[in-house]
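Here are a few exercises to work through with the model open in your viewer. Try each task on your own before you read the solution below it.

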Amino acid sequence: MGCDGGTIPKRHELVKGPKKVEKVDKNAALAARWKYCALSTEKLRRPIVACDLGRLYNKDAVIEYLLDKSADRPNSEVASHLRGIKDIKELNLTDNPAWEGERRNTKGDRYEDMHCAMFICPVVGLEMNGKHRFCFLQTCGCVFSDRALKEVKTEICHKCGDPFKDENLVVLNGTKEEVEKLREKMEEKRAKATKKSKKNKVAETVAKPSDSKENPESTETVSSEGQTSTENGGDNSQPVAEPPASSSTKVVTPSAATGSKRSIQTMEEKSETYKSLFTSHSSAKRTKDQTSNWVTHTPYHF
């Protein structure tokens with residue numbers, strides 16, 4: 001069939017060879033990792049957060065994922081290790097002064113540099129476009145290039161001044177080997193946190209019965225006047241039936257006597273304050289110096 005009209009087919013047109021492997025553009029791959037959210041595949045915009053594996057996300061996308069994990073999302077496997085807000089850290093990024101924004105080439109008559117990034121290293125000035133290795137600190141969230149950390153060795157953050165250790169450094173968008181190391185480090189950190197929480201719970205349970213033994217319930221004591229009063233000085237008094245003469249009489253302890261005295265004093269103080277509200281009380285009466293010589297019709301004149 002075919003080959004009419006004087007056409008001469010060639011071998012590659014008749015014999016199907018192996019398909020060529022499609023190669024991914026490196027610039028497009030870098031832009032997808034450093035300019036777009038790993039979860040929602042939208043462009044990165046502040047606030048930008050990162051996880052313990054060094055992946056970049058939009059904070060609102062992570063919150064939506066944590067609120068509803070049952071929703072069908074295209075890249076839900078990327079954030080499967082996230083359990084809550086504590087598993088992410090908001091990044092303190094430095095803006096690139098050469099970045100003109102997304103609308104700089106609306107007409108299409110200007111050259112668009114794919115390697116121009118929104119953020120740079122505050123120490124060296126390298127652009128965060130994927131060509132250079134960048135890290136962030138888990139303590140404060142500041143982002144620096146690996147070159148800056150090697151050239152200026154210090155234990156204090158270059159931007160905010162907070163102290164940090166080498167353990168607090170997390171590589172952003174690292175290789176597969178680096179991601180595996182970060183995953184192992186994350187699992188060890190979570191295992192230690194669970195052990196500490198279990199120890200704290202055991203200590204709390206042990207401390208509760210010991211406190212109850214040291215502070216027993218206040219026992220009721222009987223005063224000499226036939227009324228009960230607590231050791232804590234409470235004034236809830238109830239009459240107690242007098243025992244018969246033949247039965248053994250109750251001995252009043254010194255603590256019971258002091259408790260009864262305290263209750264009587266509090267009752268006297270309350271009665272004095274109540275009496276002072278009336279004009280017939282001694283505090284309301286006027287002295288001779290305060291009284292006037294003329295007669296008044298006020299009922300409060302004494």
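Helices here are DSSP runs of H or I with at least four residues, strands are runs of E with at least two, and both are numbered from the N terminus. Please keep in mind that the model is predicted.

**Exercise 1. Get an overview**

Task: Find how many helices and strands the chain has, and what share of its residues is buried.

Solution. Start with the elements: there are six helices and ten strands in the chain. Next comes burial: of the 302 residues, 24% are buried. Finish with the contacts that have a separation of 6 or more: 46% of them are between residues 24 or more positions apart.

**Exercise 2. Take apart the sheet that holds β1**

Task: Work out the strand order of the open sheet that contains β1, and the direction of its pairing.

Solution.
- Step 1. The order is β2-β1-β3, and the pairing is antiparallel.
- Step 2. At the edges are β2 (56–58) and β3 (88–90), each of which pairs on one side only.
- Step 3. From one strand to the next, the twist averages 40 degrees.
- Step 4. Look at the pairing in detail. β1 (residues 48–51) is joined to β3 by three bridges, and V49 is opposite E90 there. Three bridges also join β1 to β2, with A50 opposite L56.
- Step 5. Inspect the turn. β1 and β2 make a hairpin with four residues between them, and G54 in this turn has a positive phi of about 85 degrees.
- Step 6. Turn to the side chains. In a regular strand they alternate between the two faces of the sheet. In β1, I48 and A50 point one way while V49 and C51 point the other, and all are buried.
- Step 7. Add the helix: α3 (residues 59–67) lies across β1, β2 and β3, at about 80 degrees to β2.

**Exercise 3. Explain the edges of the other sheet**

Task: In the open sheet with the order β7-β6-β8, why is one side of β7 and of β8 left without a neighbour?

Solution. Begin with the arrangement: this sheet has three strands with antiparallel pairing. β7 (143–145) and β8 (169–171) are at the edges with a single partner strand each, so one side of each has no neighbour in the sheet. Neighbouring strands here are turned by 35 degrees against each other on average, direction ignored. To see one pairing up close, follow β6 (residues 134–137), which three bridges join to β8; C135 is opposite V171 in β8.

**Exercise 4. Map the nonpolar cores**

Task: Identify which residues of the largest nonpolar core touch the most other members.

Solution. The core has 32 residues, and those with the most contacts to other members are L91, M128, F134, V143 and L172. At least two core residues come from each of β1, β2, α3, β6 and α5 (176–214). Now take M128 as an example: leaving out residues up to four places away in sequence, M128 touches W34, L93, A117, F119, I120, F134, V143 and L172. Another core, of nine residues, lies apart from the largest one and includes C135, L149, C157 and F164.

**Exercise 5. Describe the largest pocket**

Task: Find the volume of the largest pocket and the element that gives the most to its lining.

Solution. The volume is about 450 Å³. Its lining consists of 18 residues, with R133, C135, D166, L169 and V171 nearest the centre. Two or more lining residues come from each of α4 (146–151), β8 and α5. Of these, α5 gives the most, with four residues.

**Exercise 6. Check the backbone**

Task: Where are T41 and N173, and is each buried, partly exposed or exposed?

Solution. As background, most residues other than glycine have a negative phi, and most peptide bonds are trans.
- T41 has a positive phi, near 55 degrees, and is in the loop between α2 and β1. Its relative accessibility is 47%, so T41 counts as partly exposed.
- N173 also has a positive phi, near 50 degrees, and is in the loop between β8 and α5. With 15% relative accessibility, N173 counts as buried, because the cut-off for buried is under 20%.
- For the peptide bonds, look at R46 and P47: the bond joining them is cis, with omega about -5 degrees. P47 is in the loop between α2 (26–34) and β1.

Notes: Residues are numbered from 1 along each chain as its sequence is written. This is a predicted model: local features need pLDDT of at least 70, side-chain atom pairs count only at pLDDT 80 or more; totals for chains, interfaces and linings use all residues. Side-chain values use heavy atoms; hydrogens and water are left out. Two strands pair if DSSP finds at least two bridges between them. Axes are lines fitted to C-alpha atoms, for helices over the stretch in contact, and angles run from 0 to 180 degrees between N-to-C directions. Contact means heavy atoms within 4.5 Å. Buried means under 20% relative accessible area, exposed over 50%, partly exposed in between (1.4 Å probe, protein chains only). A nonpolar core is a set of buried Ala, Val, Leu, Ile, Met, Phe, Trp, Tyr and Cys residues joined through side-chain atoms within 4.5 Å. On a 1 Å grid over the protein atoms alone, a cavity is a set of points where a 1.4 Å probe fits but cannot get out, and a pocket is an open set with protein on both sides within 12 Å along at least five of seven lines; lining residues have an atom within 4 Å of a point. Grid points are joined across faces, edges and corners, and a volume is the space filled by probe spheres set on the points.
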